[in-house]
Amino acid sequence: MEPAARDVRDLCRRALAGDLLGEPDLARLLAAHGEAAEAVFAAARAARARSFGDAVFLYGFVYFSTFCRNECTFCFYRAGNGESPRYRKSLDEVVAICRDLAGSGVVLLDLTMGEDPAIHDDPEYAALLELVAAVREASGLPVMISPGVVPDDVLAGLRARGADWYALYQETHTPELYRRLRTGQPFAARAAARSAARRAGLLVEDGILTGIGDVAADRAHSIASMRAAAWEQVRVMTFVPQSGTPLADAQTSGDEAELLAIAAMRLAMPHALIPASLDVDGIRGLERRLNAGANVVTSIVPPTVGLAGVSQAELDIDEGRRTVAGVLPHLARLGLRPGTVAEYRAWLAEAHGRAQVPA
Ligand code: SAM
Ligand code: MD0
Ligand code: SF4
């Protein structure tokens, strides 16, 4: 065995034994290749099995408004992009979609939007609060909300309407890199919204992008930052260049960095929920991500109702492959099974208990 591979195996053993790996060691895991990378993935699967057994949670995704006031350089839906499809689903449409998704076997509904002025310009966010209440009521499922940055009292209002989760991704925890991605959106304000969400009683998802000028040290820093915050769910997605945006012609280099980041997150945060997103490489990328230690499948989208993905606007959606039925055979091939709503609720109840902050 090469010395580098021996070194990486040793780090994996330490992580599985409960050692907190520092940023340089995390960066070593993230730079593994060949045999050493396979060892990282195997260790991540072992960590997942210990925490979650063979259960994988399936999340429904409803991108209900693609209007946005922001200019994130990586995003297809940035305000200035005349090429992106804009739509805004009505409350009744969203409720109907969510009922169908709930019937198809997902355990959570993720309601996601651009920072749509129609919602963000109302200081009360009445439309958003009403939507969450209606979806909770009609579907009976836990709800995640991904609305961008909203005021603290709105986060409390979302919790009061029954939302369990707030998702808001920093993309990178390196401020200089962040400034080139989320132009005009203060780094600290975005981070503060996640802390406010936790204070409001919401569970929180943070996440990063890779392939946007980050190096292993940046990803290691992000993983250590997310571990320190103890967010309940953490993700990484490979940047997919988008037509009509400043990064449209960026060079891409596959998904190895994302897979290693999934595995390193699993080893650093063995009890966290970690998604395999269908929104990066569609259904064909699913098994690789699960083999890297993910235990959630996100971006399950019902076909034929005109919904988009965030980084793959169309891939696999209308073919019906980003559905529960499309995902199940892949779980079965890996000896995994869909986690039940009851199992998911039990996990949420424990997480809410852990996250409770003394007043
Ligand atoms: N507008 C809200 C916001 O930005 O927080 C909610 C949407 S958020 C869930 C969209 C996320 O998708 C971004 O935070 C980013 O991580 C990811 N994303 C967007 N464009 C992407 C792209 N081109 N490639 C990969 N991921 C992308
Ligand atoms: C996904 N496209 O799950 C969605 C999105 C938003 N909370 C999630 C990035 O992959
Ligand atoms: Fe808007 Fe979110 Fe896209 Fe940024 S990532 S442009 S905030 S939809």
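This report describes the overall dimensions of a predicted protein model and the surroundings of its three ligands.

**Overall fold**

The protein chain contains 15 helices and nine strands. Along the principal axes, its C-alpha atoms fill a box of roughly 60 × 50 × 45 Å. The radius of gyration is 19 Å, which agrees with the value near 21 Å that a compact globule of 359 residues would have.

**Ligand 1**

Ligand 1 sits in the largest cavity. Two strands, β2 and β6, are the elements that give two or more residues to its shell. There are 20 residues around ligand 1, and the nearest of them are Phe74, Glu171, Arg182, Arg190 and Val240. By class, this shell divides into 10 nonpolar, seven polar and three charged residues.

Polar contacts to ligand 1 involve both side-chain and backbone atoms of the protein. The side chain of arginine 182 places an N or O atom 2.8 Å from an oxygen atom of the ligand. Valine 240 uses a backbone N or O atom, which lies 2.8 Å from a nitrogen atom of ligand 1. A nitrogen atom of ligand 1 also has a polar side-chain atom of glutamine 242 at 3.2 Å. The exposed area of ligand 1 taken alone is 560 Å², and the protein buries 94% of that.

**Ligand 2**

Ligand 2 sits in the largest cavity. Its shell holds 13 residues, with Asp110, Tyr169, Ser277, Asp279 and Thr298 the closest. At least two shell residues come from each of β2 (108-113), β6 (233-238) and β8 (296-300). Five of the residues around ligand 2 are nonpolar, five are polar and three are charged.

Three side chains make polar contacts with ligand 2. Aspartate 279 has a polar side-chain atom 2.7 Å from a nitrogen atom of the ligand. For threonine 298, an N or O atom of the side chain is 2.8 Å from an oxygen atom of ligand 2. Serine 299 brings a polar side-chain atom to 3.1 Å from a nitrogen atom of ligand 2. Taken alone, ligand 2 exposes 300 Å², of which the protein buries 96%.

The polar contacts of these two ligands are listed below.

| Ligand | Ligand atom | Protein partner | Distance |
|---|---|---|---|
| Ligand 1 | oxygen | arginine 182, side chain | 2.8 Å |
| Ligand 1 | nitrogen | valine 240, backbone | 2.8 Å |
| Ligand 1 | nitrogen | glutamine 242, side chain | 3.2 Å |
| Ligand 2 | nitrogen | aspartate 279, side chain | 2.7 Å |
| Ligand 2 | oxygen | threonine 298, side chain | 2.8 Å |
| Ligand 2 | nitrogen | serine 299, side chain | 3.1 Å |

**Ligand 3**

Ligand 3 also sits in the largest cavity. The residues around it are Tyr63, Cys68, Asn70, Cys72, Phe74, Cys75, Arg78, Gly114 and Arg182. Five of these are nonpolar, two are polar and two are charged. Phe74 and Arg182 belong to the surroundings of ligand 3 and are also among the residues that come nearest to ligand 1.

Note on methods
Residues numbered from 1 in each chain as written. Chains lettered and ligands numbered in written order. Predicted model: local features only at pLDDT ≥ 70, side-chain atom pairs only at ≥ 80, totals over all residues. Heavy atoms only, no water. Near = heavy atom within 4 Å. Polar contact = N/O pair within 3.5 Å; in protein donor to acceptor, adjacent residues only side chain to side chain. Areas by Shrake-Rupley, 256 points an atom, 1.4 Å probe, with all protein chains shown as cover. 1 Å grid on protein atoms, 1.4 Å probe; cavity = no way out; pocket = protein on both sides within 12 Å on 5 of 7 lines; lining within 4 Å. Sits in = over half its atoms within 2 Å of the grid points. Helix = DSSP H or I, 4+ residues; strand = E, 2+ residues; numbered from the N terminus. Nonpolar A, V, L, I, M, F, W, Y, C, P; charged D, E, K, R; others polar. Rg over C-alpha atoms; globule rule 2.2 N^0.38 Å.
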